[in-house]
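Visitor: I'd like a close look at one part of this model, the charged side chains around a single arginine. Walk me through what pairs with what, please.

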Amino acid sequence: MDKKQLKLWFLIPLIVFAGMMIMLYLRLGQPSEIQTNTALERPVPSFELPLVSDTSRSITEAQLPQKPYLLNIWGSWCPTCIVEHPFLLDLKSRGVDIVGVNYKDDIGDALNYLNGRGDPYLLSIQDKSGQFALDLGLTGAPETFVVDSKGIIRQHIIGEVNEVNWQERIAPCFMALNEVAQNNGAASVSVAEACR
């Protein structure tokens, strides 16, 4: 093999890597979609997983909030999670309960991420194998599920949660679920319509 052919073989992986990085960069900031999928209208799957804050303690789905909350799949390795993170902190300051699912991450990296950027989560569980997230219907991080007070998934947000999709789609669903929870099942607006 001459030098010219050898250089070409070294350039191919570099070109492929650069192309992948460009595709990922172009995806940042794109509108997130809220799609109907098989996760909707069913309970949060059963699990027993350790807490990120203390891996010696495990929790189950029975210990999740008994009021509407967001279930956010995140990882320290995920660039879009970093973009989304400040908005999650803002939602926490507005009183929105968020449960984190740390997806396929090293515990040290996850703790450094939360300690360095702030912790928007009421609690965060470690899903090292990724099986729980797959049981939820995850297609890729970040993704967020709106869960009602009975543990039923009502909305699935693929991609970043931001002010635009919060105001347009997620907040109406979340407010309707809170109204149902506070009024023993009565709401002024249809939950199905609000969570479309």
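Guide: Let's fix the exposure words: buried is under 20% relative accessible area, exposed is over 50%, and partly exposed is in between, with a 1.4 Å probe and protein chains only. Keep in mind that this is a predicted model, where local features need pLDDT of at least 70 and side-chain atom pairs count only at pLDDT 80 or more, while totals for chains, interfaces and linings use all residues. Numbering runs from 1 along each chain as its sequence is written, and side-chain values use heavy atoms, with hydrogens and water left out.

Now to R94, which is partly exposed at 39% relative accessible area. Its side chain meets that of D90 in a salt bridge, 2.5 Å from N to O; the term means a side-chain nitrogen of Lys or Arg within 4 Å of a carboxyl oxygen of Asp or Glu. D90 is partly exposed too, at 30%. R94 also has a salt bridge with E163, at 2.6 Å from N to O. That pair ties together distant parts of the chain, 69 residues apart: E163 belongs to helix 5 (residues 163–182), and R94 sits in the loop between helix 2 (79–93) and strand 5 (98–103). Helices here are DSSP runs of H or I with at least four residues, strands are E runs of at least two, and both are numbered from the N terminus. E163 is partly exposed, with 33% relative accessible area.

For context, the whole structure has 5 salt bridges.
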